[in-house]
Amino acid sequence: MNKRIVVIGANAAGAKAAAKARRIDPRAEIVVLDRGNFISYGACGIPYYVSDTVKELKDLMSTPVGVVRDPNFFSKVKGVSVRTNTEVTAIDRLQKVIRLREGGGGESELPYDKLVLATGSSPFVPALDNVTLPNVFTVKSIEDAELLKQKAVSGAAACIIGAGLIGLETAEALQGNGMRVTLVEMRNQLLPGVLDPEVAAVVEKQVKLQGVTVLTGCAVTGFAGEGRVRTVIAGDHEIPADLVVLAPGVTPNVSLAREAGLAIGVTGAIAVDERLRTSDPDIYACGDCCETTHLVTGKKVFVPLGSTANKQGRVAGINAAGGDATFAGVIGTSILKVFNVNAGKTGLTGTEARNEGFDVETVLSPAPDRAHFYPGAKPILLKLIAERGTGCILGLQAAGEGAVDKRLDAAAAAITFRATAEQLSQLDLAYAPPYGAAMDNLIVAADIMKNKLSGHARGITAREVKRKLDDGDDFILLDVRSPAEHGEIGIAGAKLIPLGMLREKLDELPRDKEIVTFCKVSLRGYEAQKILDAAGFTDVKFMDGGIMAWPYRFRD
């Protein structure tokens, strides 16, 4: 008798597992069960459907050549049976059967030889009064997409709770539909866990410029209204809302696994090994329902992304069909476009790295995304994280109007293979003026990191400079830009000595005080540090990233 492989869940991970299992074992009976009506769709595309960037809902459920991935497609093309509107109610591991209910009818049983759990995740819904009212939405399913697009009425007020990836993408979509959008985040910055504050400030600036009201450090405590939410209560704010979107994150769907006695990991998701095998050797798990390993820290993490789900689905399908494949883990790479800014990260942020006990060195490096003289060059800010002592690259963040994706991708490869700053600086990246500078932003950041790690460059963060100014510390903040630049935008209290005049004006600087130099991007700031070092000044640093990385100018 042919092996029967049953997959629970027919979205990214489950559909991928079934398709790959079929290629490995052409004779196996493969059955996919899903409690919804739509399968194998791109949930990450929902905000783009709401904004009308993606015109047709079916495009989210299609192959690249436009064929809709429905049960008929899987049956005819893949030889896989897909049953929609089918809820799995229990897994009997001893008998190796699952109990299910199709179309709301009576229960039946389906035996399996190998079982793949791809039960996904669900939006986190806070336990607040009135949270179930009909104008409160999530952004996860095709049904969500249809409802949200219908309700996105021009001139109405929308309140989005959560400023992560989905929250920001949805803010753009609703704003583009003419809605008045307020974005509420309980932590003190946008994209918490994705970006450090000074990089997140670049995103916040753009979001505010587009007319979105941003409230950070503000927790939602309730919804007011009868029959529908009229007002969102967040701290001291009462926010009018015709539509509320919950986007504070997702939780893994593990109830089936837990009730079946499968091990649940420290993250709250299903525990799996590198073959994506659960604590039962005949059951695999993949996608948003399972945890994985962070390749930098070695710890278990829950990082629900469509890219990870597809890769894990492939591995689970191979192994369920009798093959041998492994999934090593992730480094948390993520990216988004919101309005005119692109932002993302790979590896650890500076905050995460310190929390994990790493001795951290950081670099902020702003520059155009291509040769500065080439038309269309746009600014980006990179933040590179490395470990002191080893020089190993731990993470990269990037934000700006220019191209950040290829810098993140190159850094992702470097981090995965444990490259050092020295090795990263030697990467032979593609160069031509339309694509980058002769010394790419990423190479420049790696070179600055090398200078810092070797002790040649001594940087100080903008946050630390701001603290010193606010505390009234006795130090010299030295602006080495031109008078015109200084007059255009500056930092209150800074002393101006253009770099070209510094050598002849050394006597104007006290030798018994700390001096912090800065310019536009800190190239001249570093040059000034070296000049002062050579002249015998003993306590000189440059401000990392210069005025381009000074986030406080974005909060006016």
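Two strands are taken to pair if DSSP finds at least two bridges between them. In this predicted model, pairing of that kind joins five strands into an open sheet with the order 21-22-25-24-23, and the pairing is antiparallel. Strand 21 (334–338) and strand 23 are the edge strands, each pairing on one side only. From one strand to the next, the twist of this sheet averages 10 degrees. Strand 21 and strand 22 (residues 341–347) run antiparallel and are joined by five bridges. Within this pair, Leu336 stands opposite Ala343 of strand 22. Helix 12 packs on the antiparallel sheet and touches strand 23, strand 24 and strand 25. The direction of helix 12 makes about 145 degrees with that of strand 23.

Some of these elements also take part in a pocket. The second largest pocket holds about 1000 Å³ of space. Its lining is made up of 43 residues, and Ser365, Pro366, Ala367, Pro368 and Val521 lie nearest the centre of the pocket. Among the elements that give two or more residues to this lining are strand 23 (360–368), strand 24 (379–387) and strand 25 (393–400). Helix 6 (197–209), helix 12 (441–454) and helix 15 (523–534) likewise give two or more residues each. By class, the lining of the second largest pocket comprises 27 nonpolar, eight polar and eight charged residues.

Another open sheet consists of five strands in the order 3-2-1-7-18, with parallel pairing. The edges of this sheet are formed by strand 3 (81–83) and strand 18 (283–285), each of which pairs on one side only. The twist from one strand to the next averages 20 degrees. Strand 1 (residues 4–8) runs parallel to strand 7 (residues 114–117), and four bridges join the two. One residue of this pair, Ile5, has Lys114 in strand 7 as its bridge partner. Helix 1 packs on the parallel sheet, where it touches strand 1, strand 2 (29–33) and strand 7. Between the direction of helix 1 and that of strand 2 the angle is about 175 degrees.

Helix 1 also meets another helix. The axes of helix 1 (residues 12–24) and helix 8 (residues 306–320) come within 7 Å and cross at roughly 35 degrees. This crossing of helix 1 and helix 8 is right-handed. On the side of helix 1, the contact involves Ala12, Ala13, Lys16, Ala17, Lys20, Ala21 and Ile24. On the side of helix 8, the residues are Ala309, Asn310, Gly313, Arg314, Gly317 and Ile318. Seven nonpolar, three polar and three charged residues make up the contact between the two helices.

Helix 8 contributes to an enclosed space as well. The structure holds one cavity of 30 Å³ or more. About 60 Å³ of space lies in the largest cavity. The lining of the largest cavity includes Gly287, Asp288, Cys290, Glu291 and Thr292. Phe302, Val303, Pro304, Leu305, Thr308, Ala309 and Gln312 also belong to this lining. Helix 8 supplies the largest share of the cavity lining, three residues. Ala309 appears both in the contact of helix 8 with helix 1 and in the lining of the largest cavity. By class, the residues that line the largest cavity divide into six nonpolar, four polar and two charged.

Terms used. Residues numbered from 1 in each chain as written. Predicted model: local features only at pLDDT ≥ 70, side-chain atom pairs only at ≥ 80, totals over all residues. Heavy atoms only, no water. Axes fitted to C-alpha atoms, helices over the stretch in contact; angles between N-to-C directions. Left-handed = near helix turned anticlockwise from the far one by under 90°. Contact = heavy atoms within 4.5 Å. Nonpolar A, V, L, I, M, F, W, Y, C, P; charged D, E, K, R; others polar. 1 Å grid on protein atoms, 1.4 Å probe; cavity = no way out; pocket = protein on both sides within 12 Å on 5 of 7 lines; lining within 4 Å. Points joined across faces, edges and corners; volume = space filled by probe spheres on them.
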